[in-house]
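Dear colleague,

Please find below the structure that I am handing over to you. An account of what was found in it follows, set out from the overall fold to individual residues.

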Amino acid sequence: MSLNLEKYQELANLLDQVRSDTTSTQVTASELRKGVSFLQQMFRQQIVPLPDGSSRVQSYRTEISKQLRLLEIDVMFFQGSRQASTAEGRLKTISDRLTTLIQYCEAILQQEPEEEN
């Protein structure tokens with residue numbers, strides 16, 4: 001596995017970890033904010049500097065960036081939830097967005113090696 005793909009695998013693992021946190025019983029907005037902040041930092045520092053790769057990888061990278069920003073907004077909405085049912089719905093949205101992000105990483109990882117460059 002190339003170094004580039006290892007970075008995407010690492011991001012997918014972190015996304016999965018944060019997603020599993022959203023299903024834990026007493027997750028707080030503060031914990032989620034920290035997790036999302038760490039994901040965004042990892043993406044900016046480890047993935048953005050990677051060589052562009054194929055146009056497909058560029059498209060996925062753009063989508064990942066957009067989804068990470070939306071995830072941050074989802075966490076803010078979760079933090080503002082006053083009712084348990086609303087908070088539960090927000091957590092479901094956050095979990096779904098994390099699943100989408102994981103799928104983007106997996107799509108990059110499943111590409112043929114010659115497509116990588």
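Helices, as named in this message, are DSSP runs of H or I at least four residues long, and they are numbered from the N terminus. With that convention, G80 can be placed in the loop between α3, which covers residues 55-79, and α4. Please note that this is a predicted model.

Overall fold

The protein contains four helices and zero strands. Its pattern, read along the sequence, is α-α-α-α. Along the principal axes, the C-alpha atoms fill a box of roughly 50 × 20 × 20 Å. The radius of gyration is 15 Å, which agrees with the value near 13 Å that a compact globule of 117 residues would have.

Of the 117 residues, 39% count as buried. Among contacts with a separation of 6 or more, 78% are made by residues 24 or more positions apart. The protein exposes about 7,000 Å², and carbon and sulfur atoms supply 48% of this area. As for charge, there are 13 positive and 16 negative side chains, and the centres of the two sets lie 10 Å apart.

Helix α1 and its contacts

L14 is part of helix α1, which comprises residues 3-22. Because buried means under 20% relative accessible area, L14 counts as buried at 17%. Apart from its neighbours within four places in sequence, L14 is in contact with F38, L39 and M42. For one of these partners, L39, the C-alpha atom is separated from that of L14 by 7.1 Å, although the two residues are 25 apart along the chain.

Helix α2

Helix α2 spans residues 29-47 and includes Q40. Is Q40 buried or exposed? Q40 has a relative accessible area of 12%, so this residue is buried. When residues up to four places away in sequence are not counted, Q40 touches L68, R69 and E72.

S37 is also found in helix α2. At 38% relative accessibility, S37 counts as partly exposed, because that class lies between the limits of 20% and 50%. The C-alpha atoms of S37 and Q110 are separated by 26 Å, with their positions 73 residues apart along the chain.

The loop before α4, and α4 itself

G80, the loop residue introduced above, has a relative accessible area of 42% and is therefore partly exposed. Its C-alpha atom is separated by 14 Å from that of T93, which is 13 residues away along the chain.

R97 has its place in helix α4, made up of residues 84-109. Why does R97 count as buried? The relative accessibility of R97 is 18%, and the class of buried residues takes in values under 20%. Which residues does R97 touch, if those up to four places away in sequence are not counted? They are Q67, L70, L71 and D74. With one of them, Q67, there is also a polar contact of 2.8 Å that joins the two side chains.

Points to inspect

When you open the model, the following places may be viewed in turn:

- L14 in α1, together with its contacts F38, L39 and M42.
- Q40 in α2, together with L68, R69 and E72.
- R97 in α4, with the polar contact between its side chain and that of Q67.

Yours sincerely

Note on methods:
Residues are numbered from 1 along each chain as its sequence is written. This is a predicted model: local features need pLDDT of at least 70, side-chain atom pairs count only at pLDDT 80 or more; totals for chains, interfaces and linings use all residues. Side-chain values use heavy atoms; hydrogens and water are left out. Helices (H or I, at least four residues) and strands (E, at least two) are DSSP runs, numbered from the N terminus. Buried means under 20% relative accessible area, exposed over 50%, partly exposed in between (1.4 Å probe, protein chains only). A polar contact is a pair of N or O atoms within 3.5 Å; within protein, one must be able to donate a hydrogen and the other to accept it, and residues adjacent in sequence count only if both atoms are side-chain atoms. Contact means heavy atoms within 4.5 Å. The radius of gyration is taken over C-alpha atoms; the globule rule is 2.2 Å times the number of residues to the power 0.38. Accessible areas come from the Shrake-Rupley method with a 1.4 Å probe; for residues, only the protein chains shown count as cover. Lys and Arg count as positive and Asp and Glu as negative; His and the chain ends are not counted. The place of a charge is taken as NZ of Lys, CZ of Arg, CG of Asp or CD of Glu.
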